[in-house]
Amino acid sequence: MGDVNGVADPDQLTVDEISSGPREDVFEELHPKIKDLLARKGFSEPTEIQKESMPAVSSGVHVLIIGPTGEGKTEAALLPIFDKMLREGKPRPISILYVAPLRALNRDLLGRLEWWGAELGFKVQVRHGDTPAGQRRRQAIAPPDILITTPETLQAILPGSTMRKHLSGVRFVIVDEVHELAQDKRGVQLSLALERLAELAGEFQRIGLSATVGSPTRVARFLGGTRRVRVCRRPYLKDSDVRVEYPTPTGEDEQLARRLMISRKSAARLRRVRELVEGHRSVLVFVNTRDMAEVLSSRFNLWDRAAGVEVHHSSLSSAVRIEAERRFKAEEIKGIICTSSMELGIDVGSVDLVIQYMSPRQVFRLVQRVGRSGHRAGETSRGVVITVDPDDILESMVIARRTISEEIEETPIPEECFDVLAHQIVGMCLENQDLELSQVLRVAKRSYPYRSLSAEDLVRVVRQLEDEGMLWVDGTRLRRRRAAWQFYFDNLSTIPDVKKYR
């Protein structure tokens, strides 16, 4: 197959910086239009994470911003970019690419960014799997200045001839909830997609946002690949109060257990959750699975339909989730029983308590979830873990202690996933009909998960793609075959399918 060496040293890694300190005057340096809008929205003073990170974003370096939920990390990334775009004049199409892991988060961001865009003269649009065909066509004809998307949709639009022209103008890429993506194959896929985008658009500024990162240096390297990334970080929880409870049955629970046909211990837990919900203004009740969310919701409805608690998870229709979010934010209901879909920055207003039903299994999960509460000035982030048995109690106590002291697990980042690599090679062949193997190796090795990829392993992956009828191999040159298109678009997502059987 020929020699494909001559690329950078595979052991070359990013050297990360910790930011030098906060700046109090970050709002004062912004364009007058932005300062006027901040005053109109009542933002007179920047938050601590904004003081820390906005100077770094303004300077043009790659930045990983880590701070509590509700501290304005999105604005910390966008306001300095808006400032540059206003001062430079009319932006190029899709100057900003905003990548978020959830469609629900895309929808929430769209509402926030559309306000800024309308006031500043920037067009903002969202594109994901649910975007109607007509809207996609309009985006191809008249692309927005800011495009909000998911990792999977970025894969879909990269090979398209029209959208590629628009993506060639990308200057800034913001990756929201970067910790969520970094720890599975979606992140591996995104890291290679960003390198493919860099081949098209040239180098762009990378900004990662996260509320919880167990390994800031490693996640910074994931974000930047071989590039230097500055880490701007604030404590995950400002003030926190995390308790572990084990509800014990009472006589009242005996009656409830018979009525709902559940155990006395389950009835005691249900009663305690309701007491906590009724004793607070707005409560998120996190569970570990969708099934448990449905079970708890069903029991509340059987007990009392007027309890003011609804359910929210990713298997429900978009309309149901949106309505639950709206009613909770408007304080028409007091509680939402939810899964990890509500961990990630979706704006549901002010939360004054988080309940975790059973151990969350991981410290970073509890930090992320408890961090959803206490965003009003002077408030404490409060959480209660409801446990079910002695093992659950002990595990929850350890996790609660480590949450308060911010002893978070390291972030695992998968490396050298050859199935993802195979898919990306096919994508590169769709973009380039006459692709050199050395170019594939060079692009892949800029990505952190593939920094140590050997030429021999790359050749093995290419040989399998050839055997599967996806590519022609001519010495060191790769050419797509007809089957490549269907293979690529049938495998855009690395999220595993889950099949259930009765």
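What follows is a short walk through the helices, strands and a few single residues of this structure. Keep in mind that you are looking at a predicted model.

Let us begin with a pair of helices. Two packed helices are described by the angle between their axes and the distance between the axes. For helix α2 (residues 48-59) and helix α3 (residues 73-88), the axes come within 9 Å and cross at roughly 35°. The crossing of α2 past α3 is right-handed. On the α2 side, the contact involves Ile49, Gln50, Ser53, Met54, Val57, Ser58 and Ser59. On the α3 side, the residues taking part include Ala76, Ala77, Leu79, Pro80 and Ile81.

Between these two helices in the numbering you can find strand β2 (residues 62-66), and five of its five residues are buried. In a regular strand the side chains alternate between the two faces of the sheet. In β2, both faces are covered: His62, Leu64 and Ile66 are buried on one side, and Val63 and Ile65 are buried on the other. Strand β2 also has partners. Strand β8 (residues 229-233) runs parallel to β2 and is joined to it by five bridges, with His62 standing opposite Val229 of β8. Strand β7 (residues 205-210) pairs with β2 as well, in the parallel sense and over four bridges; here Ile66 has Ser210 as its bridge partner.

Now move on to another sheet. Six strands make up an open sheet with parallel pairing, in the order β9-β14-β13-β10-β12-β11. Strands β9 (240-245) and β11 (309-312) are at the edges with a single partner strand each, so one side of each has no neighbour in the sheet. On average, neighbouring strands of this sheet are turned by 20° against each other, direction ignored. Inside the sheet, strand β13 (residues 353-357) and strand β14 (residues 381-386) are parallel and share four bridges. One place to see this pairing is Gln356, which stands opposite Val385 in β14.

Helices lie against this sheet too. Helix α16 (residues 390-404) packs on the sheet by touching β9 and β14, and its direction makes about 175° with that of β9. Helix α12 (residues 264-278) lies across β9, β10 (283-286), β11, β12 (335-338), β13 and β14, and runs at about 170° to β13.

Helix α14 (residues 318-329) lets you check a simple expectation. At 1.5 Å a residue, its twelve residues should span 16 Å, and the C-alpha atoms at its ends are indeed 16 Å apart, which agrees. Which residues of α14 are buried? They are Arg321, Ala324, Glu325 and Phe328. These residues cover an arc of only 95° around the axis, so they sit on the same side of α14. The general pattern helps here: an α-helix has 3.6 residues a turn, so residues three or four places apart point the same way. After α14 comes Glu331, which has a positive phi, near 60°.

Further along the chain, look for an open sheet of three strands. Its order is β15-β17-β16, with antiparallel pairing. Strands β15 (435-436) and β16 (471-474) are the edge strands, and each pairs on one side only. Four bridges connect β16 with strand β17 (residues 477-480) in the antiparallel sense, and Leu471 stands opposite Arg480 in β17. Helix α19 (residues 455-467) lies across β16 and β17, running at about 125° to β16.

Helix α18 (residues 437-445) has Leu437, Val440, Leu441, Val443, Ala444 and Lys445 as its buried residues. What do they pack against? Their partners are α9 (185-201), α17 (418-431), β15, α19 and β17.

Two single residues round off the walk. Arg446 lies in the loop between α18 and α19. Is Arg446 buried or exposed? Its relative accessible area is 16%, under the 20% cut-off, so Arg446 is buried. Leaving out residues up to four places away in sequence, Arg446 touches Glu195, Ala198, Glu199, Gly225, Thr226 and Arg227. Lys185, in helix α9, is partly exposed, with a relative accessible area of 33%. Beyond its neighbours within four places in sequence, Lys185 is in contact with Pro414, Cys417, Asp419, Val420 and Thr494. Pro390 is 205 residues from Lys185 along the chain, and their C-alpha atoms are separated by 35 Å.

Note on methods. Residues are numbered from 1 along each chain as its sequence is written. This is a predicted model: local features need pLDDT of at least 70, side-chain atom pairs count only at pLDDT 80 or more; totals for chains, interfaces and linings use all residues. Side-chain values use heavy atoms; hydrogens and water are left out. The expected span of a helix is 1.5 Å times one less than its number of residues. Buried means under 20% relative accessible area, exposed over 50%, partly exposed in between (1.4 Å probe, protein chains only). The arc is that of the directions from the helix axis to the C-beta atoms. Two strands pair if DSSP finds at least two bridges between them. Contact means heavy atoms within 4.5 Å. Axes are lines fitted to C-alpha atoms, for helices over the stretch in contact, and angles run from 0 to 180 degrees between N-to-C directions. A crossing is left-handed if the near helix is turned anticlockwise from the far one by less than a right angle, and right-handed if clockwise.
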